[in-house]
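The exercises below train you to read a structure step by step. Try each task before reading its solution.

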Amino acid sequence: MLSTIQPPRYLSRFPLRGRTKSRPFQSLSSAQPVTKTSFAADQSQILSIRDSLLNRHLSAVELAHSYLDRLKQTEPHINCFLHVSDPDKVLKQAQDIDDKIERNEEVGPLAGVLVAIKDNICTADMPSTGGSYILEGYRPPFDATAVKRLKDLGAIVVGKTNLDEFGMGSTTEASAFKVTANPWDLSRVPGGSSGGSAASVSARQCVVSLGSDTGGSVRQPASFCGVVGLKPTYGRVSRFGLMAYASSLDVIGCFGSSVADTGILLHAISGHDSLDATSSKRVKCSFNLKLAEVPDFTSQFTSASSLKSRPLEGLRVGLIRETVDAGVDSGVKSAIEGAATHLEQLGCVLKEVSLPSFSLGLPAYYILASSESSSNLSRYDGVRYGNQASSDELNALYEESRAKGFGSEVKMRILMGTYALSAGYYDAYYKRAQQVSFLLQ
Amino acid sequence: MASTLFRTIQIHPFLLYPTALFSRRNGVLYCTMKSSQTQTATQEKQQPPKVKVPQHALKKTVDKITKDYEAIIGIETHVQLSTLTKAFCSCPYNYGSQPNTSICPICMGLPGALPVLNSKVIEFAVKLGLALNCKLSLNSKFDRKQYFYPDLPKGYQISQFDIPIATGGYVDLDLPLEFGGGHRKFGITRVHMEEDAGKLLHSGNGDYSQEITSLTSIYIYCFDLLLIDTVGYLLQVDLNRAGVPLLEIVSEPDIRTGIEAAEYAAELQRVVRYLGISNGNMQEGSLRCDVNVSIRPVGQSEFGTKVNSLLKLDLWFNTSCRFKYHHSQGTDRRMHFSITFIEQSKSMELVEFSVSDTDNLIPYLQALLHGQGQSDQIVQETRLWEEGAQKTVTMRKKEGLSDYRYFPEPDLPEVILTQEYVDSISNSLPELPEVKRRRYEKMGLSMQDVLFLANDMNVAEYFDATLSSGADIKLAANWIMGDIAAYMKNEKLSINDIKLTPQELAELIASIKSGTISGKIGKEIADPVEIGKMIDKVISENPKQLEQYRGGKTKLQGFFSGQFRFDFAGLRPLMVTPPARKVMVVADPAPHSAAALQYALSHALLEQDELILLHVENTSSWKNTLTTFLKRPTIASAANAMTPNNSSGPDWGSTDVNFLDQMKYASEIAQPKIPVRIEKIDPDGKDKATVILSKSKDLGIDLIIIGQKRSLSSAILG
């Protein structure tokens with residue numbers, strides 16, 4: 001939508017060509033209703049997959065094969081994944097879905113959808129390292145709530161994507177294991193920290209993916225990779241199973257190749273979770289801010305062809321002055337202004353607003369995030385799980401396990417956070433940052 | 001550090017005793033606690049100065065110190081809450097279960113796991129806060145307290161820092177009379193919620209190898225165990241206790257003596273038991289006390305640097321004694337309590353030192369008193385109560401204030417209490433010990449009685465129930481503190497185990513009071529006829545109970561036993577010039593009967609008496625237990641003469657032996673002058689107790705002795 005010029009793709013965008021192309025949208029059997037009416041399936045891969053499966057135009061196994069083949073072909077160039085699921089297991093799950101469809105049984109709304117999961121989100125059946133050497137080979141005994149919800153809805157986990165160690169970074173170069181390339185230009189970074197998740201969707205190695213966002217880790221790589229990234233409101237999605245970086249800011253986010261896919265994915269994973277005390281109990285809001293009885297983002301979907309010429313007529317949008325002020329890069333500035341113009345064309349009324357505390361956000365973020373991370377990463381001590389340095393002595397065991405296990409970016413943030421929380425500095429740093437945080441809320 | 005360790009062992013050889021666990025713990029701490037070089041140097045310098053002080057001079061010095069200095073004691077108490085599940089996950093906690101069998105990703109601190117607060121913890125905290133007269137914070141929060149230790153899985157403990165749930169309360173207590181008595185009120189600084197840590201298992205010898213094997217096999221998540229091989233020891237973590245909810249109660253430094261400290265802890269134990277929020281068992285670690293002691297010159301208002309001593313205040317008496325020695329007898333060898341002094345002369349600069357035994361104490365005190373402040377020898381330390389040696393030992397030296405880097409726990413929302421919630425809990429609180437004591441006091445009971453009755457919640461409940469059944473206050477108190485307490489003590493029972501119900505006790509007291517049964521029955525014992533009358537009386541006065549008992553209400557056994565025990569209570573001491581009596585022992589081939597006979601022979605029978613062995617026939621069911629009687633060691637003293645080579649004795653080997661003959665024979669050997677008669681009686685379908693009583697009446701029996709057995713015999717004598 002934005003007027004940014006995207007680089008030419010190094011890799012072709014459509015792995016499913018010849019299989020799903022030009023499948024007309026068809027009404028479905030009454031036994032398996034799909035909750036949409038006028039929305040064209042070709043704007044959502046998830047809906048398109050569902051249509052194809054239910055109409056027997058495509059089997060889940062075929063679909064899985066096509067993605068796995070593409071993954072196999074592209075992965076050596078991009079390095080999105082720290083762990084790829086066993087193809088046999090993926091195909092077995094796909095076969096189960098096909099069998100269910102064959103028997104006319106109910107399948108979940110995400111049946112056959114291949115999702116990639118950022119490696120700092122726990123998955124029971126595969127390694128979850130958070131991109132850190134200290135957790136190399138660690139396999140959690142449980143699924144994160146978000147992952148569990150996706151699986152319950154029929155999604156198939158295709159692998160664990162690369163990230164900056166524990167989400168600390170914005171290039172995916174801070175991973176302990178590999179560097180992920182941008183699918184549009186292999187010489188560039190995909191952004192981060194959810195670079196692997198963004199790149200894998202961009203390269204069509206999976207349909208959608210989960211990432212995590214603490215300070216832009218979903219939004220920025222989505223932008224870098226030309227996919228849709230969504231950072232939900234804090235508390236909307238359960239954090240249970242997300243390796244904590246900064247607990248009060250961490251959010252599990254969604255990547256998709258369309259707004260529709262991202263919305264469907266968010267709908268699937270959001271909602272209160274009894275395992276996360278900070279997850280919101282409020283009913284989900286629809287995007288027009290009316291409390292929805294049926295919390296379904298997809299109900300708001302409209303086919304592009306049925307839109308009026310000015311579909312956003314009546315919507316008032318604030319343009320934050322501080323984001324286009326002096327000091328902002330001219331490229332960024334022009335992109336924001338381009339977007340503003342575009343919104344006006346769609347019928348919005350733009351109004352410039354000022355947020356005086358805007359500039360405080362970043363320093364406050366760094367204090368809060370590093371403080372919380374210094375605490376959250378304390379559990380990686382080599383005692384109960386993960387890599388353990390061999391040592392004769394307890395303090396040396398801690399020191400060496402952590403010295404060898406953490407990368408330099410993580411160590412720096414732990415040091416910063418420890419400093420900010422130390423007696424005598426707490427009031428000057430953490431407390432003030434927290435005040436800013438309350439102010440911004 | 002090596003020298004430190006060496007020194008410790010040299011001075012405290014008990015470190016090697018009793019288990020490797022303990023010595024290991026010290027070892028680990030010595031090895032692992034980061035200690036600066038200067039501290040080591042301090043340690044080395046802390047050798048007793050080579051000053052020979054004459055004995056009488058020491059005594060004088062100590063007297064002066066105890067007169068001029070006072071102890072300032074504050075206590076931090078951790079109470080483990082008896083919630084069904086842990087504080088932040090759904091794991092149950094049962095003390096003593098196999099290591100790592102009650103754990104989950106949350107209490108193991110696995111990546112991605114989040115805490116969710118158990119609402120019972122809040123409820124219990126509010127209860128305790130109210131019970132300790134605290135002000136509750138309607139808006140409080142949790143914080144993280146951060147430090148590294150293998151028993152702390154997350155690297156931080158979820159606790160409450162600057163806004164505890166309850167603050168500014170007090171606890172009232174009454175000191176035991178044997179320690180001078182008196183009422184005390186100690187301030188409570190705060191009560192806050194937190195989670196417990198796991199336990200370290202130390203293995204140096206075979207003692208723990210079994211636990212380690214089971215640990216390995218039971219460990220459900222297949223993670224690497226902590227294996228630290230230092231000097232041949234194995235250190236492992238049991239996380240069962242990790243995440244168990246605790247309430248920490250911090251007292252004001254109002255406590256001045258060991259007795260007060262012990263009573264403060266005892267009162268907290270009572271309060272948590274009355275509230276039902278913890279079992280308060282110290283042996284299980286459900287109640288733990290950290291005692292902070294410093295000593296200052298009398299009249300000074302600043303406190304010295306504290307010595308934190310983890311004391312297992314298990315045996316109140318021991319503790320009290322220890323504190324007492326500490327306070328009054330600085331030289332007592334059993335008193336190895338560390339003491340911190342502050343010296344006033346250096347204005348605001350606090351000078352303190354600690355000594356770990358009395359050899360060091362005296363010269364240091366002298367040094368202090370003579371103004372030669374040896375500030376370089378002053379160490380703040382944490383000391384551990386050592387059960388085996390009954391004293392404290394150095395656990396770790398502190399370099400100063402630890403920085404726990406507290407900050408608000410972002411994974412948990414704020415704790416918000418509504419006034420209605422607090423009120424509803426406030427209205428549901430039980431009567432607390434202090435209120436109970438004041439109520440008992442108002443009833444006119446002496447402080448001795450008040451403390452006895454109110455100190456144990458179950459005794460207090462029993463007493464209250466007896467009163468509510470209409471019993472006289474003083475008589476009920478006397479009965480409970482006298483006969484019932486003695487019975488409980490002898491039988492090692494709690495008051496909940498005895499069969500006499502409070503209602504029955506109340507009836508008994510009522511009948512004594514109304515004169516139907518005289519409390520001074522001993523005086524009438526001189527007339528043998530009275531005995532029979534008395535038994536008749538007990539039975540006939542209580543036809544309802546007898547009927548109920550016959551109807552199978554076994555609880556009434558306790559009623560009758562109570563009646564008879566009482567009736568016979570005054571008997572023996574009055575037998576100064578007794579007439580010839582008929583003493584009946586109910587005989588059957590069971591050990592308790594043998595014991596009864598032995599008792600009769602050794603205690604009850606006098607020369608002119610006649611012994612009647614009464615057997616209620618029901619032989620078929622008893623035949624098999626015959627050998628038990630023969631083997632019973634308690635008969636041995638009576639049967640000493642019955643050596644196997646005594647050919648004149650009955651045939652012991654036969655299974656068809658008449659045990660009555662054996663008993664008769666044993667009696668004749670033990671008390672040759674006493675005639676022994678055997679009586680058999682056929683119950684004829686009647687209740688055994690009734691048969692015995694009617695028979696004794698027929699025979700004009702003066703004294704019945706029946707062996708203790710939980711079942712039938714207790715129906716008569718208890």
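**Exercise 1. List the contacts of A:Lys118, then place this residue in the chain and say whether it is buried or exposed.**

Step 1. Two residues are in contact if their C-beta atoms, placed from the backbone, lie within 7 Å. Leaving out residues up to four places away in sequence, A:Lys118 touches A:Thr161, A:Leu163, A:Ser194, A:Gly196, A:Ser197, A:Leu210, A:Gly211 and A:Ser212.

Step 2. Know what you are working with: this is a predicted model, in which local features need pLDDT of at least 70 and side-chain atom pairs count only at pLDDT 80 or more, while totals for chains, interfaces and linings use all residues. Residues are numbered from 1 along each chain as its sequence is written, and chains are lettered from A and ligands numbered from 1 in the order in which they are written.

Step 3. Helices (H or I, at least four residues) and strands (E, at least two) are DSSP runs, numbered from the N terminus. A:Lys118 belongs to strand β2 (residues 114-118) of chain A.

Step 4. A residue is buried if 20 or more other C-beta atoms lie within 10 Å of its own, exposed if 12 or fewer, and partly exposed in between, with C-beta atoms placed from the backbone. A:Lys118 has 33 C-beta neighbours inside 10 Å, so A:Lys118 counts as buried.

**Exercise 2. Find which residues UniProt gives the feature "active site" and describe A:Ser193.**

Step 1. The UniProt record, an unreviewed entry, places "active site" at A:Lys118, A:Ser193 and A:Ser217. UniProt positions are given in the numbering used here, feature names are shortened, and annotations may be inferred rather than shown by experiment.

Step 2. These residues are spread over 100 residues of sequence but cluster in space, with a largest C-alpha distance of 11.1 Å.

Step 3. A:Ser193 sits in the loop between β3 (156-161) and α5 (195-202) of chain A. This serine is buried, because 35 other C-beta atoms lie within 10 Å.

Step 4. Neighbours within four places in sequence aside, the contacts of A:Ser193 include A:Leu163, A:Asp164, A:Gly167 and A:Ser217.

Step 5. Check the backbone against the general rule. Most residues other than glycine have a negative phi, and most peptide bonds are trans. The bond that joins A:Gly192 and A:Ser193 is cis, with omega about 10 degrees. A:Phe166 is not a glycine, yet has a positive phi of about 55 degrees. A:Phe166 is also in the loop between β3 and α5 of chain A, and is buried, with 34 other C-beta atoms within 10 Å.

**Exercise 3. State how chain A is divided into domains and how they meet.**

Step 1. Domain 1 of chain A covers 41-306 and domain 2 covers 313-441; the bounds come from an automatic or database domain assignment.

Step 2. The C-alpha centres of the two domains lie 23 Å apart.

Step 3. In the contact, 21 residues of domain 1 meet 18 residues of domain 2. Ala, Val, Leu, Ile, Met, Phe, Trp, Tyr, Cys and Pro count as nonpolar, Asp, Glu, Lys and Arg as charged, and the others, Gly among them, as polar. On the domain 1 side there are 12 nonpolar, six polar and three charged residues.

Step 4. A:Ile134 gives an example of a long-range approach: its C-alpha atom is 9.3 Å from that of A:Ala403, 269 residues apart along the chain. A:Ile134 lies in the loop between β2 and α4 (145-152) of chain A and is buried, with 28 other C-beta atoms within 10 Å.

**Exercise 4. Work out the strand order of the open sheet in chain B and say which strands stand at its edges.**

Step 1. Two strands pair if DSSP finds at least two bridges between them. Three strands of chain B give the order β5-β4-β15, with antiparallel pairing.

Step 2. β5 (156-159) and β15 (407-408) of chain B each have a single partner strand, so one side of each is left without a neighbour in the sheet.

Step 3. Strand β4 (residues 143-146) of chain B is joined to β15(B) by two bridges. B:Arg144 has B:Phe407 as its bridge partner in β15(B).

**Exercise 5. Count the residues in the contact between chain A and chain B.**

Step 1. Chain B gives 34 residues and chain A gives 40 residues.

Step 2. On the chain B side, α2 (20-32) and β4 are the elements that give two or more residues.

Step 3. That side has 20 nonpolar, six polar and eight charged residues.
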